[in-house]
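Biologist: Before we discuss this structure, could we have it in view and take the terms one by one?

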Amino acid sequence: MLSLVGVSAGYGGSRVLHALSLRVDDGEIVALVGANGAGKTTTLRTISGVLTPVAGTIEFLGSRVDGRRTSDLVRAGLVHVPEERALFGPLTVEENLRMGAWTRSVLDFDEVYALFPILAERRRQIAETLSGGQQRMLAIGRALMARPRLLMLDEPSTGLAPKLTRAVLDAVLAIRDRGVGVLLVEQNAVQALAIADRAYVLESGSAVLTGTGAELARDDRVRAAYLGGGSL
Ligand SMILES: Nc1ncnc2c1ncn2[C@@H]1O[C@H](COP(=O)(O)OP(=O)(O)O)[C@@H](O)[C@H]1O
Ligand SMILES: [Mg+2]
């Protein structure tokens, strides 16, 4: 579905990603974990066309997409939910969902409301008055309105209470079970690895370890980096 081969990218003259290669297959949850500053967000920005790689290639559904415009990628089914959520604060829940469907001619809220019943209850509430957890759900729901083939989520559970974290991660599993690929960035590696089919550990802009979620969760190097501090 998605593959990066040897991708290098950064900001102006400063390079953050160094020959990064990774892939997401159909209907997989792939977790990208790594310390603060490892380049996780930069990876998602590069895939979604906000940044243009200086080297390497990105393919999505069989076509080269590096250098393509973000709006074209959304139309092709690649949708990014940034960490900062970027909701339309003064608009209602349902108006935000409607905005997510700008690539489509039909509007169907039912799937999103089935996934996040709280959003149905609050469909007329102003987005900026929702709780943090509800805003995360709305950001994911809005992305789903575009009917993505691949959803990229940047820290969807960071900062949420355990119960809400569970709700968001359960929703990620349900999204995957509907056949949507998910590239999940999380600082909370333990929880991300628990739901991931496969995962990559990113360190200084390169993938230094990969395996199934379960393999990485019991890898001594991963455990040392996340439970004891220090780098891999
Ligand atoms: N807009 C930016 N301009 C310049 N440097 C940036 C910018 N955003 C992030 N960086 C730098 O890129 C590196 C990787 O950041 P980021 O991709 O946000 O990491 P992560 O998401 O893994 O915490 C960091 O050194 C960060 O300071
Ligand atoms: Mg980040």
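**The ligand shell and the two sheets**

Modeller: The shell around ligand 1 divides into three nonpolar residues, seven polar and one charged. This is a predicted model, in which local features need pLDDT of at least 70, side-chain atom pairs count only at pLDDT 80 or more, and totals for chains, interfaces and linings use all residues. Residues are numbered from 1 along each chain as its sequence is written, while chains are lettered from A and ligands numbered from 1 in the order in which they are written.

Biologist: What makes a residue of the shell charged?

Modeller: Asp, Glu, Lys and Arg count as charged, and the residues around ligand 1 include Lys-40, so Lys-40 falls into that class.

Biologist: Why are β1 and β4 called paired?

Modeller: Two strands pair if DSSP finds at least two bridges between them; β1 (residues 2-11) and β4 (residues 55-60) have five, in the antiparallel sense, so the criterion is met. Strands here are DSSP runs of E with at least two residues, and helices are runs of H or I with at least four, numbered from the N terminus.

Biologist: What makes β2 and β5 edge strands in the order β2-β1-β4-β5?

Modeller: β2 (14-24) and β5 (63-64) each have a single partner strand, so one side of each is left without a neighbour in the sheet.

Biologist: Which strands stand at the edges of the six-stranded open sheet?

Modeller: In this sheet, ordered β6-β7-β8-β3-β9-β10 with mixed pairing, they are β6 (78-81) and β10 (206-212), each with a single partner strand.

Conventions: Near = placed C-beta within 6 Å.
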